[in-house]
There are 4 protein chains.
Amino acid sequence: MLNVGLLGAGRIGRVHAVAVSGHVGSRLAAIGDVHAPAAEALAEGLGAEVNTPEGIIADKSIDAVLIATSTDTHSDLIEAATKAGKAVLCEKPVDLSLERALECRENAAASGQPVMVGFNRRFDPSFSAFKAKLDAGKIGKAELLTITSFDPAPPPTDYIKGSGGLFRDMTIHDFDMAKWLMGRVPETVTAMASNLVDPEIGAAGDFDTAVVTMTYADGRIAVIKNSRRAAFGYDQRIELLGSEGMLQAGNQLENSVMTSTRDGVTGAKPVLFFLERYMPAYGAEWAAFVEAVEGGGPMPVTLDDGVDALAVAEAATRSAQTGETVRL
Amino acid sequence: MLNVGLLGAGRIGRVHAVAVSGHVGSRLAAIGDVHAPAAEALAEGLGAEVNTPEGIIADKSIDAVLIATSTDTHSDLIEAATKAGKAVLCEKPVDLSLERALECRENAAASGQPVMVGFNRRFDPSFSAFKAKLDAGKIGKAELLTITSFDPAPPPTDYIKGSGGLFRDMTIHDFDMAKWLMGRVPETVTAMASNLVDPEIGAAGDFDTAVVTMTYADGRIAVIKNSRRAAFGYDQRIELLGSEGMLQAGNQLENSVMTSTRDGVTGAKPVLFFLERYMPAYGAEWAAFVEAVEGGGPMPVTLDDGVDALAVAEAATRSAQTGETVRL
Amino acid sequence: MLNVGLLGAGRIGRVHAVAVSGHVGSRLAAIGDVHAPAAEALAEGLGAEVNTPEGIIADKSIDAVLIATSTDTHSDLIEAATKAGKAVLCEKPVDLSLERALECRENAAASGQPVMVGFNRRFDPSFSAFKAKLDAGKIGKAELLTITSFDPAPPPTDYIKGSGGLFRDMTIHDFDMAKWLMGRVPETVTAMASNLVDPEIGAAGDFDTAVVTMTYADGRIAVIKNSRRAAFGYDQRIELLGSEGMLQAGNQLENSVMTSTRDGVTGAKPVLFFLERYMPAYGAEWAAFVEAVEGGGPMPVTLDDGVDALAVAEAATRSAQTGETVRL
Amino acid sequence: MLNVGLLGAGRIGRVHAVAVSGHVGSRLAAIGDVHAPAAEALAEGLGAEVNTPEGIIADKSIDAVLIATSTDTHSDLIEAATKAGKAVLCEKPVDLSLERALECRENAAASGQPVMVGFNRRFDPSFSAFKAKLDAGKIGKAELLTITSFDPAPPPTDYIKGSGGLFRDMTIHDFDMAKWLMGRVPETVTAMASNLVDPEIGAAGDFDTAVVTMTYADGRIAVIKNSRRAAFGYDQRIELLGSEGMLQAGNQLENSVMTSTRDGVTGAKPVLFFLERYMPAYGAEWAAFVEAVEGGGPMPVTLDDGVDALAVAEAATRSAQTGETVRL
């Protein structure tokens, strides 16, 4: 039984708390948040104790720490927890600064403790079935990847300002998916980005619509399409053309009802947002973490993955700002 | 080159005329209609000559006759044309009277001439692919068949009055599909029928909504669902559960556009009616007829098939009227 | 907070236990099973106490009882629990005997306690969206209903022997769906049933493949198609033709991946069986029960519904055995 | 009645010949080909006379000329035919040289004769329905366009050598679609291109896999994805994200059959290639030409459109070769 301390009791912390509680091999022992009442409210319903983040890290009975705090604390908490001998699952991104993320990776490695980065999409049932078919050779050699990732609506401008920008905040998931599916980081990154959705996003120096094209040393190509607005819901699709066929993974729809009238045949929209779409993924992610910690195997998503995605995000940001292709 | 005479220059006659003209192995030599101007209008654009139906049947240069006249003339024309040594393709049904159809079959057989009945749906690209997969064993043994057949809107009441009723006019196609797919005629026929769409149809003594259940000697079951009204278009589907899987054939849609908005994801309706849906089927039907005539092989749809479908239609009519299951 | 006692710690009891625990307004206080170790195993992980079924019914601190025991105990437990002043949610069917179910309904009514019958499919997200669209008039007046309900594989013959037969065990869900969607019980029931899947089922005097046609006083028609075997998974679909259009609810698929190769375009199968398909429905069912108990409103599924479905199942059984249409 | 001369009796010439013959308002009067036997073979079955291309252009009885010859003759024939007072429909591209195309446009304009360029995809039923929905405001303002265009298999290397390269030969259709849907030519063109499919294509100095990103003056973005190989067939799709929703147009499938087995649910592939997919489009294209010529209205696709697509193709070629974004 893995004794787990959860750091961060916000929206995403709650999701993780349910996953930890629901897993037969882990126990949610303690919850810590800089805003104590949030930790208390969450702990009460789940039979966990409340502690400070520092107290949880210092607690010898805690085996693993799940970091779901604000991004600017990730690196520090990874370092502190691994130094204290905990296994760590940390939400993405590792840091907004690539330099700091590299330093964190070095320090965590020195501790010898396992660290997993929370790229939850790898655990989405459709995306993992997609990957399994690719690995099984169903479409031969992967050649041309397309990732579509549209949010239903832009976040508040205040969120945008602290987000590190579109590529570090939103596209970073897609950069990780691309690495996972193409098996390596790209050689070149070219980003075209605009401000079409919300002028306040532009005023904050960020983009809301983008196309990133990546080329690989062996000539393969990947395209990522992002928008902060899709009126019909959360749109998360992957398509991969291979030498022997094509794989596509689509959205999860609200329901399966089709209505046929003289106006056409209408079905349901995709589910609204990431908590609904990726709820099963958070559970599977946690199960994979527990299995790796207990079995001593390699982490399914590593700090290297976190650093690589961040490096591509930096390159994309620079490309969008300069209009030049960036070579990694 | 097959020299063809077309009898009947109405709506369905025009469809056949285009199929005959477009086939490289047949020539539309002559067109006859009791209403001569209809024959003339059609012949002009296609380079065919105009003659009376009798004249066409008497014409030694005509190899094959395509009968697309009104139903009450089918049996007489089949007999006359086969007696005159022509190969015949006749529109369904053979006759509204089963007794007369049986007599016609006998007389045609005596002539030794090949006769094909125009159950065009067997030649629909989706239905023929369906049949090919069934025959290839893709779903094991066929067990439970469902045929959905909804017209977009009811025909004029005058048409209804001379149609022989829902089962002889509309369901007859489905009875043939069932025989084709199940490989034999049913043992019992049970029809539930109502008048829900148009009170005038009820006043004319006919039904507009029906479910026919058929059982086979080996325990298999088939269901046919009919309605004279589907607001969204012409709905023609088949589904067959087998011991190893299921086959489904769907509609042909107006186009492939999907529109995603906050109201849902909307696609196109099925094409409106049988001429649009089955146009490719009429061409394939004619090609199969020419091939069988030229090659001397068996007709792909025979007078036996026409008689069998009519016999089931009579049974269904009796069942709907009495509320009793009818044993064939 | 509703204090809940669960009777029955088998497969379906476990599903309900998770739903009760996961609901913010209910607490799983006690679990009872004639096989005590089953209750203990389930209670341990959920913080519930173990008691006998009788003890739970006698416990004044228990507000509501959830009956998930074997079918032959349902009526007795409903009567005992309501007499003891509990609200009751009982798994379907109420009883295998219509006479006993009627008696149970009378006794429960005398107690004044609310009783809900567990027709969980009404709470499936797709089926409830289907019903909402129907009620909103999206397809005008309902005319022709089709329910497809295929199990992936037949149950063990021992289960079949105690099941009351195909119509009371499996179709009873579909009879309830039909009542829910058509708004009333049918006037006639005609069942065609065969033994095609497993000879042992036939040897046990039961059917494994059936088509039930039901007609309503106002001429509308419903068809239910059942099979104990669908090689591709659990197939649960509804289709309803109305005067202004058609509604269809489909299956929940394992994932959204499509693989395009020279062999075609292949997607995932439906999820395997009812626990996967209807897991969200069990949660929504429980939430509806709690809301009705706490709010004092009518039960969303009543003992009348349970009795009606059973009456139709009896009629279908008689029809299949005699080959006659049965009038209710 | 429009008297039409067809120049070019190759594969695409035959397609056009059938469209001209099948149109009630046009007559295929003459066919010319530098290889006379090809013209003779085609003319025989369609009742047209055979002439030289020059003879057809000089023939006063010919109202319109359809140019379906090899690309290197397009400009010369457009100039000759318009000078001779004919209306012209010319297959794409206008020329492989942008300079020559501009000159041709000038000369044709001086003649005052109407010239239409054969971008047939605008007339595909799905693409034209897509455009109509866009123009009707169904998705608000267009923001992010994706065109997927994969051939089933690469053409012979000899064809590649004379094709002008991937962008002028294949992508040129997509450049026209982008102009048609986005309403203008892009401001920047960035092409990433590789040789992944066939080494001979690379040896011939061409690409077989490419992603072209285009930005517009108002910040909108378009992406075109090309491959010379899709094992599953001809893949032609469009997707457009707008401020209020998304439009998608898909492929035309071989048939509508779905096979459900324990291996999944398999449907048909897209039809194999452009003649099957775009056959209805060729007919609609010709009808639009006849209507514009007879009605004196503007050509639905102009030489300006042909020149614009060629200019973007040149830019894409330069971008792919240099690795730089090209500004138009």
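Reader: Which strands of chain C does helix 4 (residues 74-83) of chain C lie across?

Author: Helix 4 of chain C lies across strand 1 (2-7), strand 4 (64-67), strand 5 (87-91) and strand 6, and runs at about 170 degrees to strand 5. Such elements are DSSP runs numbered from the N terminus: helices are H or I runs of at least four residues, strands E runs of at least two. Axes are lines fitted to C-alpha atoms, for helices over the stretch in contact, and angles between N-to-C directions run from 0 to 180 degrees. The model is predicted: local features need pLDDT of at least 70 and side-chain atom pairs count only at pLDDT 80 or more, while totals for chains, interfaces and linings use all residues. Residues are numbered from 1 along each chain as its sequence is written, chains are lettered from A and ligands numbered from 1 in the order in which they are written, and side-chain values use heavy atoms, leaving out hydrogens and water.

Reader: How do you know that strand 2 (residues 26-32) and strand 3 of chain C pair?

Author: Pairing requires that DSSP find at least two bridges between the strands. Two bridges join these parallel strands, so the criterion is met. One bridge links A30(C) with E49(C). The open sheet has six strands in the order 3-2-1-4-5-6, with parallel pairing.

Reader: What makes strand 3 (49-50) and strand 6 (115-118) of chain C edge strands?

Author: Each of these two strands pairs on one side only.

Reader: Why is strand 9 (residues 209-215) of chain D called mostly covered?

Author: Buried means under 20% relative accessible area, exposed over 50% and partly exposed in between, with a 1.4 Å probe and protein chains only. Seven of the seven residues of strand 9 of chain D are buried. T209(D), V211(D), T213(D) and T215(D) point one way, whereas A210(D), V212(D) and M214(D) point the other way. Seven bridges join strand 9 of chain D to the antiparallel strand 8 (residues 188-194), where V189(D) is the bridge partner of M214(D). Seven bridges also join strand 9 to strand 10 (residues 221-227), again antiparallel, and V212(D) stands opposite I224(D).

Reader: How do you know that C104(B) forms no disulfide?

Author: A disulfide is a pair of cysteine sulfur atoms within 2.5 Å. The closest cysteine sulfur to that of C104(B), in C90(B), is 7.6 Å away, which is too far for a bond. Likewise, C90(C) is in no disulfide, its nearest cysteine sulfur being that of C104(C) at 7.6 Å. A search over all chains finds zero disulfides.

Reader: Why is I238(B) called buried or exposed?

Author: I238(B) has 4% relative accessibility and therefore counts as buried. I238(B) belongs to strand 11 (residues 235-242) of chain B. Leaving aside residues up to four places away in sequence, I238(B) touches ten residues, including F127(B), F130(B), L145(B) and M177(B); contact means heavy atoms within 4.5 Å. F130(B) is 108 residues from I238(B) in sequence, with 8.7 Å between their C-alpha atoms.

Reader: What makes helix 1 (residues 11-22) of chain B oblique to helix 11 (residues 274-295) of chain B?

Author: The two helices pack at about 45 degrees, with their axes 9 Å apart. Angles under 35 degrees count as roughly parallel, over 145 as roughly antiparallel, 65 to 115 as roughly perpendicular and the rest as oblique. Helix 1 of chain B is therefore oblique to helix 11 of chain B. Residues of helix 1 that meet helix 11 include I12(B), V15(B) and A19(B).
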